[in-house]
Amino acid sequence: MNFARYTLSHIFAPFYRGESSGATGRAGLGLAIARGITTLQGGDIRVENLASGGASFCIRLPVYPLTKPTFKKRNNFANWL
């Protein structure tokens, strides 16, 4: 089952629940939270209907080069005694 066009345009909105979601007791926050986290990480999340039925969600996150961590030398309290 594919999502309706209207649903696709609102699916990431907080508290949005599709017409066929029924009375499940859920709040409609999962995809909004997923988009928020993805956006904060500099990425993107998208959804599209599949021709064969159902939908595909794609999450893209940037890749940053690994850097060697730097540690600041702390004053050792024991040296003050």
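## A viewer tour, starting at Phe15

Select Phe15 to begin: with a relative accessible area of 60%, this residue is exposed, because exposed means over 50%. Keep in mind as you click around that this is a predicted model. Phe15 sits in the loop between α1 (5–10) and α2.

Now add Leu29, Ile33 and Ile37 to the selection. Together with Phe15, they make a nonpolar surface patch of about 400 Å².

**Zoom out for a moment**

Switch to a cartoon view of the whole chain. You should find two helices and two strands, and following the sequence gives you the pattern α-α-β-β. Turn on a surface next: about 7,300 Å² of the protein is accessible, with 59% of that belonging to carbon and sulfur atoms. How much of the protein counts as buried? Of its 81 residues, 14% do. If you like contact maps, look at the contacts with a separation of 6 or more: residues 24 or more positions apart account for 26% of them.

**The aromatic rings**

Next, show the rings. Searching the whole structure turns up two aromatic pairs. Select Phe3 and Phe57 for one of them: the arrangement is edge-to-face, at 6.4 Å centre to centre with 85° between the planes. This pair links distant parts of the chain, since Phe3 belongs to the segment before α1 and Phe57 to strand β2 (residues 55–60), 54 residues apart. Colour by accessibility and both partners come out partly exposed: Phe3 has a relative accessible area of 31%, and Phe57 has 38%.

Keep Phe57 on screen and add Phe12. Why is this pair edge-to-face? The ring planes of Phe12 and Phe57 stand at 90°, with the centres 6.5 Å apart, so the pair earns that label. Phe12 is in the loop between α1 and α2 while Phe57 is in strand β2, so here too the pair ties together separate parts, 45 residues apart in sequence.

Is Phe12 buried or exposed? Phe12 is buried, because its relative accessible area of 12% falls under the 20% cut-off. With Phe3, Phe12 and Phe57 all displayed, you are looking at one aromatic cluster.

Stay on Phe12 and bring up Arg35. The charged end of Arg35 sits over the Phe12 ring, 4.2 Å from the ring centre.

**Over to Leu31**

Select Leu31, which you will find in helix α2 (residues 30–40). At 30% relative accessibility, Leu31 counts as partly exposed. Which residues does Leu31 contact once you leave aside its neighbours within four places in sequence? Ile11, Phe12 and Phe57. Two of those names, Phe12 and Phe57, you have already met in the aromatic cluster. For Ile11, try a distance label: its C-alpha atom is separated from that of Leu31 by 7.2 Å, and the two residues are 20 apart along the chain.

**Last stop: a charged pair**

Side chains of opposite charge can pair when their charged atoms come close. How many salt bridges does the structure hold? One. To see it, select Asp44 and Arg46 and label the closest N and O atoms, which are 2.6 Å apart. Finish by checking how much of Asp44 shows at the surface: its relative accessibility is 24%, so Asp44 counts as partly exposed.

How values were computed: Residues are numbered from 1 along each chain as its sequence is written. This is a predicted model: local features need pLDDT of at least 70, side-chain atom pairs count only at pLDDT 80 or more; totals for chains, interfaces and linings use all residues. Side-chain values use heavy atoms; hydrogens and water are left out. Helices (H or I, at least four residues) and strands (E, at least two) are DSSP runs, numbered from the N terminus. Buried means under 20% relative accessible area, exposed over 50%, partly exposed in between (1.4 Å probe, protein chains only). Contact means heavy atoms within 4.5 Å. Accessible areas come from the Shrake-Rupley method with a 1.4 Å probe; for residues, only the protein chains shown count as cover. Patches are made of residues with over 30% relative accessible area and no salt bridge: like charges are joined within 9 Å, nonpolar side chains (Val, Leu, Ile, Met, Phe, Trp, Tyr) within 5 Å. A salt bridge is a side-chain nitrogen of Lys or Arg within 4 Å of a carboxyl oxygen of Asp or Glu. Rings of Phe, Tyr and Trp (its six-membered ring) pair if their centres lie within 6.5 Å; planes under 30 degrees apart count as stacked, over 60 as edge-to-face and the rest as tilted. A charge sits over a ring if NZ of Lys or CZ of Arg is within 6 Å of the ring centre and within 35 degrees of the ring normal.
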